[in-house]
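Please explain how this protein chain is put together. A reader new to the structure would like to be led through its overall form, its helix packing, its salt bridges and some of its loops.

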Amino acid sequence: MRWLVAIFIALTFVSFVHAQDEDAKATALKDIRSAMSARDLATMKTKLAAAGKLRGEEKFDIELDRLQLLADYITSFWEAVDRAGKNMQAKAGTIQEFVVGETMVLFVEYFDRRLVVRTAGKNHEYVLQNMPYKVALAVAQQELDPKSAANKVYFGAFLLMDGKGDRKLAAKMWEEAGRGGSDVKSLLPELGSEAAAGAVALPAMTPAIKAQLSAKNWSLRTKGPKNWQKKPLATDNASQDADGRLVVTAPSDADAQLVFNRQLAPAFVCRIYLDGVKKGQTIGLVSVDGDEDAMTLALPSGTVFIEFGRQAGQLKARIGGEDVEFAAAEKGNPRMPAILGISLPAGSKLTVASIELGTR
């Protein structure tokens with residue numbers, strides 16, 4: 001009887017270890033696809049290296065090899081976007097137009113991996129994280145011949161794995177690439193995989209962003225018995241981590257506002273990344289004197305990329321690339337004198353991972 005028990009325990013242990021191994025492999029592949037979806041090339045590379053340590057099973061190895069090949073194509077795609085931007089910038093001063101979908105756009109400038117184009121009389125500025133896939137594809141095709149079968153493999157890889165992409169167009173690109181003589185057989189199984197939900201990729205830290213995230217530029221406001229109380233960020237409330245990102249802890253006994261000390265200009269633009277957002281938090285324009293007037297945006301939980309600005313008395317905003325509407329509180333209105341404010345539930349922790357705030 002004892003030997004039967006021993007065998008049962010051994011088999012149970014083996015089964016448990018195997019299940020853990022399978023879970024680790026599934027998570028590793030999911031993390032790679034999520035990084036691709038989020039255009040987080042650095043994390044994509046790191047996750048691929050980590051997954052490589054789990055090799056040893058044929059099925060897993062084949063899938064990982066496919067993702068590695070896709071990663072190479074995606075990396076080359078974004079390198080082509082960067083080269084095209086630099087080449088167009090080198091010709092600045094001449095009229096340079098290209099088609100995005102069915103719309104003709106005018107190149108304005110490319111600097112620090114930021115693309116500015118003009119259409120319908122308005123300038124539009126994009127970075128890697130918020131560039132519409134049609135714009136990215138059109139720019140890449142300034143560098144990579146769109147008629148080339150080999151290049152359609154790159155386009156298909158980007159369109160399939162990108163969170164803002166088009167899986168149907170990706171399949172069409174690979175079909176045309178195959179008819180043109182390119183070998184895409186090893187990539188085709190990915191068309192049947194589930195689309196990954198991409199995490200928000202935090203941008204690289206720069207000296208200018210790090211300076212704006214200094215605690216001296218921010219304050220905490222709490223609601224007192226009669227009015228708001230504003231205090232500088234103390235070391236027990238906030239600090240910059242090793243990367244320079246601002247980590248703030250709200251008082252445990254009261255809800256608070258984290259505010260940027262400089263008043264917003266009549267025309268401004270703000271791009272901000274927040275990490276650790278809790279459901280119910282808001283961001284937006286809050287009154288300078290701390291009353292209840294505000295124009296705010298409701299935030300989703302997790303890591304969030306917010307873009308908003310004011311021009312000619314009009315407010316516009318996007319969260320995660322999607323247009324959103326401001327909600328007015330009390331006498332809040334788009335033209336109000338205001339500062340940037342973020343709500344902080346009592347005892348919560350929030351990381352302001354990046355901010356770019358300037359005038360239009």
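The paragraphs below move from the chain as a whole to particular helices, charged pairs and loop residues.

The model shown here is predicted. Its chain contains 7 helices and 18 strands. The C-alpha trace spans about 80 × 70 × 30 Å along its principal axes. Of the 360 residues in the chain, 43% count as buried. Contacts across the sequence can also be described: among those with a separation of 6 or more, 67% are made by residues 24 or more positions apart.

The helices offer a convenient place to begin. Two packed helices are described by the angle between their axes and the distance between the axes. Helix α2, which covers residues 41-52, packs with α3 at an angle of about 160°, and the axes of the two are 11 Å apart. An angle over 145 degrees counts as roughly antiparallel, and α2 is therefore roughly antiparallel to α3. The crossing of α2 and α3 is left-handed. On the α2 side, the residues that take part are L41, M44, L48, A51 and G52, and they meet F60, L64, L67, Q68, A71, I74, T75 and W78 of α3. Sorted by class, the residues in the contact of α2 with α3 comprise 10 nonpolar and 3 polar, with no charged residue.

A further pair is formed by helix α4 (residues 133-140) and helix α5 (residues 149-161), whose axes come within 11 Å and cross at roughly 165°. The helices α4 and α5 are therefore roughly antiparallel to each other. Their crossing is right-handed, whereas that of α2 and α3 is left-handed. From α4, the contact draws on Y133, A136, L137 and A140, while α5 supplies F155, F158 and L159. The contact of α4 with α5 has 7 nonpolar residues and neither polar nor charged ones.

Charged side chains come next. The structure holds 19 salt bridges, and three of these pairs may be followed in turn. In one of them, the side chains of E63 and R33 meet with an N to O distance of 2.7 Å. This pair links distant parts of the chain, since E63 belongs to helix α3 (residues 58-90) and R33 to helix α1 (residues 2-37), 30 residues apart. E63 counts as buried because its relative accessibility is 19%, and R33 also counts as buried, at 10%. The pair belongs to a wider arrangement: R33, E63, R66 and E190 are joined into one network by salt bridges that share partners.

Another salt bridge joins the side chains of R179 and E175, at 3.0 Å from N to O. Both residues lie in helix α6 (residues 167-179), and because they are 4 residues apart there, about one helical turn separates them. With a relative accessibility of 61%, R179 counts as exposed.

A third bridge is made by the side chains of E307 and R318, with an N to O distance of 3.4 Å. E307 lies in strand β13 (residues 302-311) and R318 in strand β14 (residues 314-319), so the bridge ties together parts that are 11 residues apart in sequence. The relative accessible area of E307 is 9%, and E307 is therefore buried. R318, at 25% relative accessibility, counts as partly exposed.

Two loop residues complete the tour. G290 is found in the loop between β11 (282-287) and β12 (294-298). Its relative accessible area is 1%, so G290 is buried. Apart from neighbours within four places in sequence, G290 is in contact with R221 and W228. The C-alpha atoms of G290 and K230 are 8.4 Å apart in space, although these residues are 60 residues apart in sequence.

P266 occupies the loop between β9 (256-260) and β10 (268-277). Here the relative accessibility is 68%, so P266 counts as exposed. P266 and M336 are 70 residues apart along the chain, and 8.6 Å separates their C-alpha atoms. Thus G290 is a buried loop residue, while P266 is an exposed one.

Technical notes: Residues numbered from 1 in each chain as written. Heavy atoms only, no water. Axes fitted to C-alpha atoms, helices over the stretch in contact; angles between N-to-C directions. Parallel < 35°, antiparallel > 145°, perpendicular 65-115°, else oblique. Left-handed = near helix turned anticlockwise from the far one by under 90°. Contact = heavy atoms within 4.5 Å. Nonpolar A, V, L, I, M, F, W, Y, C, P; charged D, E, K, R; others polar. Buried < 20%, exposed > 50% of the residue type's maximum accessible area, 1.4 Å probe, protein only. Salt bridge = Lys/Arg side-chain N within 4 Å of Asp/Glu carboxyl O.
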